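Welcome, and thanks for taking a look at this one with me. Here are some notes to read beside the sequence and the structure.

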Amino acid sequence: MFIFPVSKEERDRITINEQGLTLKTYGLPMVFWGYLLAAATVVFAMFIGVKGPLVKLYETGDSINQALVIAVSATLILLPLITLCFYMYEKFIIKKDDKLIIKHRLFFIPILKKVHKLESSDSFSIDHFMDSPNVAKMQQDPTMRGFENKGYFQLFAKLDNGKYVFVDRSNRKADLKKIQALLCEF
């Protein structure tokens, strides 16, 4: 869902400086903000519609009714908030020599930062992952190629202790190969 740039020409999402190479995920397209506004409008209309009955239900004093009111209210508040969090999420990959930093931000606030020491500056690998092949994939019928479960690809970095750390995933292997080449260059 969150796509990384794949070439140095994408200057708005790639930074090259003394700290090394920094890749920053792209945000969602503008049309998705319209979807968010439409969904928030619907949730707000639902809240206006049920506010009166919820207040009356809470005032009955019954603990089950009060728990139900709290659950419905929490749902109506958390639904748009969690959705907005998906819109304001950013992931950074910072690479310099044999150091890899993966940073996650939410609302421009760093929430998670992991620093990894790589085995070597080019110790990245791409693996194909397919959870389960479907019937079209198993039969290898050319007429069913569009219905095949193709899986996806994962980019891993090998650390100096021999462990692998997940970096990114994509449905397109070519994109991950370009990201891998960029990371190996720095």
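1. Let us begin with a term. A salt bridge here is a side-chain nitrogen of Lys or Arg within 4 Å of a carboxyl oxygen of Asp or Glu. With that in hand, look at arginine 172 and aspartate 175, whose side chains meet in such a bridge, 3.1 Å from N to O. Please keep in mind throughout that this is a predicted model.

2. How accessible are the two partners? Arginine 172 counts as partly exposed, because its relative accessibility is 49%. Aspartate 175 has 18% relative accessibility, so this residue counts as buried, the cut-off for buried being under 20%.

3. Aspartate 175 also leads us to helix H4, since Asp175 is listed among the buried residues of H4, together with Leu176, Ile179, Gln180, Leu182 and Leu183. These residues cover an arc of only 160° around the axis, so they sit on the same side of H4. A general rule helps in reading such a pattern: an α-helix has 3.6 residues a turn, so residues three or four places apart point the same way.

4. Helix H4 itself runs over residues 173–185, 13 residues in total. From its first C-alpha to its last, H4 reaches 18 Å, close to the 18 Å expected at 1.5 Å a residue. What covers the buried residues of H4? The cover includes strands S1 (14–17), S2 (20–24), S3 (89–96), S6 (124–129), S7 (152–158) and S8 (164–170).

5. How many salt bridges does the structure hold? There are 5. One of them joins glutamate 90 to lysine 24, with the closest N and O atoms 3.2 Å apart. Glutamate 90 belongs to strand S3 and lysine 24 to strand S2, so this pair ties together parts that are 66 residues apart in sequence.

6. Is glutamate 90 buried or exposed? Glutamate 90 counts as buried, because its relative accessibility is 9%. Lysine 24, at 21% relative accessibility, counts as partly exposed. The pairing does not stop with these two: Lys24, Glu90 and Arg105 are linked in a network of salt bridges.

7. Another salt bridge to find is that of lysine 117 and aspartate 98, whose side chains meet at 2.3 Å, N to O. Lysine 117 is in strand S5 (residues 109–117), while aspartate 98 is in the loop between S3 and strand S4 (99–106), so the pair ties together parts that are 19 residues apart in sequence. Lysine 117 is partly exposed, with a relative accessible area of 44%. Aspartate 98 is likewise partly exposed, at 28%.

8. Now please turn to the surface. Which residues form a nonpolar patch there? They are Ile77, Leu78, Leu81, Ile82, Phe86, Phe107, Ile109, Ile111 and Leu112, and together they have about 830 Å² of accessible area. Helix H2 (63–87) and strand S5 are the elements that give two or more residues to this patch. H2 gives the most, with 5 residues.

9. One member of that patch, isoleucine 109, has its place in strand S5. Isoleucine 109 counts as exposed, because its relative accessibility is 52% and the cut-off for exposed is over 50%.

10. Stay with strand S5 a moment longer, for lysine 113 is found there too. Lysine 113 is exposed, with a relative accessible area of 53%. Which residues does lysine 113 contact, leaving aside its neighbours within four places in sequence? They are Ile101, Ile102 and Lys103. For isoleucine 102, the C-alpha atom is 5.8 Å from that of lysine 113, with the two positions 11 residues apart along the chain taken as their separation.

11. Two further pairs are worth a look for sequence and space side by side. Alanine 39, in helix H1 (residues 30–58), is 41 residues from proline 80 in sequence and 7.8 Å away in space, C-alpha to C-alpha. Alanine 39 is partly exposed, with a relative accessible area of 41%.

12. The other pair is valine 135 and serine 7, which are 128 residues apart along the chain and have C-alpha atoms separated by 37 Å. Valine 135 has its place in helix H3 (residues 135–139) and, at 51% relative accessibility, counts as exposed.

Conventions: Residues numbered from 1 in each chain as written. Predicted model: local features only at pLDDT ≥ 70, side-chain atom pairs only at ≥ 80, totals over all residues. Heavy atoms only, no water. Helix = DSSP H or I, 4+ residues; strand = E, 2+ residues; numbered from the N terminus. Expected span 1.5 Å × (residues − 1). Buried < 20%, exposed > 50% of the residue type's maximum accessible area, 1.4 Å probe, protein only. Arc of directions from axis to C-beta. Contact = heavy atoms within 4.5 Å. Patch = residues over 30% accessible without salt bridge, like charges linked within 9 Å, V, L, I, M, F, W, Y side chains within 5 Å. Areas by Shrake-Rupley, 256 points an atom, 1.4 Å probe, with all protein chains shown as cover.
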